[in-house]
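I opened this model to look up a few things before going back to the bench. My notes are below, entry by entry.

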Amino acid sequence: MTAFDINSQNGAAAELLAAAKLTRMGLTVAFPFVAQQACDMIVFDGEKFSTIQIKSGTTQRHGRTRISEDFSKYKHLDFVICYDGPNDDWYIFTSAEISDRRSIQFSRKRHAAFLERWDKITTE
């Protein structure tokens with residue numbers, strides 16, 4: 001897949017991209033039918049279920065992607081996955097790792113520990 005910028009109107013595209021990555025890993029993905037819930041998807045790895053929120057950011061003038069969100073509202077979920085479309089990067093956080101944040105400006109250097117750690121979903 002090529003990198004592209006997903007704006008706030010295209011959050012569903014980020015959800016579908018994440019679902020594709022997770023299903024390629026052999027996980028089962030389900031989407032709740034009720035819109036406007038904190039949980040965008042539920043993932044089953046054969047042993048346990050994980051609840052996930054997907055967020056995509058907007059590109060700022062300086063070229064970095066930013067997500068402005070009160071992440072504390074996702075503290076009851078297992079994971080928050082953030083997509084940096086311009087760089088085609090995925091940052092995977094447990095809800096505890098991000099629940100005190102009100103925004104994130106992504107940097108591969110500063111957030112390297114969270115970059116592309118898809119395996120965390122199956123080992124947490």
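These entries cover strand pairing, salt bridges, cysteines and one phenylalanine.

**Entry 1. The model**

I am working from a predicted model.

**Entry 2. Strand 3 and its partners**

I started with strand 3, residues 49-56. I asked how many of its eight residues are buried. The count is six, and the strand is mostly covered.

Next I looked up what pairs with strand 3. Strand 2, residues 41-44, runs antiparallel to strand 3, and four bridges join them. I noted one facing pair here: isoleucine 42 is opposite threonine 51 of strand 3. Strand 2 and strand 3 make a hairpin, with four residues between them. I checked the turn and found glycine 46 there, with a positive phi of about 100°.

Strand 6, residues 79-84, also pairs with strand 3. This pairing is parallel and runs over five bridges. Here isoleucine 52 stands opposite phenylalanine 79 of strand 6.

I added one general reminder for reading side chains. In a regular strand they alternate between the two faces of the sheet.

**Entry 3. Salt bridges**

How many salt bridges does the model hold? I get five. I went through several of them.

Arginine 102 forms a salt bridge with aspartate 70, and their closest N and O atoms are 3.0 Å apart. Arginine 102 sits in the loop between helix 2 (95-98) and strand 8, and aspartate 70 sits in the loop between strand 5 (65-68) and strand 6, so the pair ties together parts that are 32 residues apart in sequence. I then checked accessibility. Arginine 102 is exposed at 58%. Aspartate 70 is partly exposed at 28%.

Aspartate 89 and arginine 108 meet through their side chains in a salt bridge, at 2.5 Å from N to O. This pair links distant parts of the chain, 19 residues apart. Aspartate 89 belongs to strand 7 (residues 89-94), while arginine 108 is in the loop between strand 8 and helix 3. Is aspartate 89 buried or exposed? Aspartate 89 is buried, at 6% relative accessible area. Arginine 108 is partly exposed, at 46%.

Glutamate 97 and arginine 117 form another salt bridge, at 2.2 Å from N to O. Glutamate 97 lies in helix 2 and arginine 117 in the loop between strand 8 and helix 3, so I logged this as a link between distant parts of the chain, 20 residues apart. Glutamate 97 is partly exposed at 33% relative accessibility. Arginine 117 is buried at 14%. I also found a network: salt bridges that share partners join Lys55, Glu69 and Lys73.

**Entry 4. Cysteines**

I searched the whole structure for disulfides and found zero. I still looked up two cysteines. Cysteine 39 is buried, at 16% relative accessibility. Cysteine 82 is buried too, at 0%.

**Entry 5. Phenylalanine 114**

Where is phenylalanine 114? I found it in the loop between strand 8 (103-105) and helix 3 (119-123). I listed its contacts, leaving aside neighbours within four places in sequence. They are Trp90, Tyr91, Ile92, Phe93 and Glu97. For phenylalanine 93 I also noted the spacing. Phenylalanine 93 and phenylalanine 114 are 21 residues apart in sequence, with C-alpha atoms 6.3 Å apart in space.

Glutamate 97 thus appears twice in my notes: it contacts phenylalanine 114, and it forms the salt bridge with arginine 117.

Notes. Residues are numbered from 1 along each chain as its sequence is written. This is a predicted model: local features need pLDDT of at least 70, side-chain atom pairs count only at pLDDT 80 or more; totals for chains, interfaces and linings use all residues. Side-chain values use heavy atoms; hydrogens and water are left out. Helices (H or I, at least four residues) and strands (E, at least two) are DSSP runs, numbered from the N terminus. Contact means heavy atoms within 4.5 Å. Buried means under 20% relative accessible area, exposed over 50%, partly exposed in between (1.4 Å probe, protein chains only). Two strands pair if DSSP finds at least two bridges between them. A salt bridge is a side-chain nitrogen of Lys or Arg within 4 Å of a carboxyl oxygen of Asp or Glu. A disulfide is a pair of cysteine sulfur atoms within 2.5 Å.
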